[in-house]
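Here is a short note to read beside the structure. Please keep the 3D view open as you go.

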Amino acid sequence: QPKAAGSSLLNKLTNLLVADAMRIAGLEDMGPALVLPLATGMTLTLVLLAVKSKRPKTATKVVWCRLDQKTCVKAVLSAGLELVVVSPKLVGDQLCTDLDAVRAAVEAAGPSNVCCVVTSTSCFAPRAGDACSDVAKMCAELDVGHVVNNAYGVQATALCKEVTRAWRRGRVDAVVQSTDKNFMVPVGGAVVCGGKGNTEIVDAVRKSYPGRASISPVLDLLITLLSMGSDGWSRCLQDRRDVYGYMREKLGECVGEFGERLLDTPGNPISIGVSLETHAKLSEDGDVSFFGSMLFSRCVSGTRVVAPGKRQDVGGVVFDGFGASHDAYPVPYFTAAAALGTT
């Protein structure tokens, strides 16, 4: 704004610095980045509204590759869109994108009635990141939008490369990232970007943002990036990769002593799943949820215990086996992650 030239300059500088940091992380051929003073869920809602404005009036459905976190469901419903849930398929221990089911859902609704397909990269094991590049090619073929929820995927090179392949090979309208989960700043910011060949939706989100907002999320990110520098940021990314390898090795050694095993999820470079089958047998009703409270009382935070059979209503959408991203995942488990940030 003319009356706030300093704030506007800081905002532009932050957009440039975060774009550079994301390129270092592995997002190549990326267009301009847009930092918003909104957390991931509300930013997804803004992006969906922008995509909706570019689609036919009949395009009211969002085909969503199921990921059991409430944020994306609420983002779709808040945008006034109808959610079509596509469950992943179980391959060994890992939950993978069911490409045939995604295509079937789009074709059943009719491409002109679909606003977009929403895929996700970062997630809790045993779910793998979605096959974004394959979905991108499908969306280009069927002429429907494609939004990628890359909430905390910037920190993982493998996920960044998959997003890069997606916008090189097919259609990606926008990619949404969290600032706190990738850059270790307080909660309250997100980054929207796209491939350099398709910046229409990012531009639409920039122009549609209503009113003014606090500069704190932008300023926090600017200060953090300046303090780290490119060398510090690259070192941070490498340290996380090293910690992931160390944690996987040591967890495998530890849980084997108690009759459990690591779940085989090569498509997830951040989260690790550990079976709780033996522990379930120790409980009369097979419930393992107590294990999470036992860990927490021993100052172990960030783990997530998932027991089969939980039913959850999220905004009127009912999920069976909620937490596992699958109606009937065969084993109880807990997850641990080697990730940047603490939220």
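1. Start with helix 9, residues 216-256. This helix has 41 residues, yet its end C-alpha atoms are only 46 Å apart; a straight helix at 1.5 Å a residue would reach 60 Å. (Expected span is 1.5 Å times one less than the number of residues. Helices are DSSP runs of H or I, at least four residues, and strands are runs of E, at least two, numbered from the N terminus.)

2. Where does helix 9 bend? The bend is at Gly229, by about 90°. (A bend is the angle between axes fitted to the seven residues ending at a residue and the seven starting there.)

3. This is a predicted model: local features need pLDDT of at least 70, side-chain atom pairs count only at pLDDT 80 or more, and totals for chains, interfaces and linings use all residues. Residues are numbered from 1 along each chain as its sequence is written, and side-chain values use heavy atoms, without hydrogens and water.

4. Now the sheet. It is open, with 3 strands in the order 10-14-11 and antiparallel pairing. (Strands pair if DSSP finds at least two bridges between them.) Strand 10 (271-275) and strand 11 (304-306) each have a single partner strand, so one side of each lacks a neighbour in the sheet. The twist averages 25° from one strand to the next. (Axes are lines fitted to C-alpha atoms, for helices over the stretch in contact; angles run from 0 to 180 degrees between N-to-C directions.)

5. Strand 10 pairs with strand 14 (residues 333-337) over 5 bridges. Gly273 stands opposite Thr335 in strand 14. Helix 9 packs on the sheet, touching strand 10 and strand 14. (Contact means heavy atoms within 4.5 Å.) The direction of helix 9 makes about 5° with that of strand 10.
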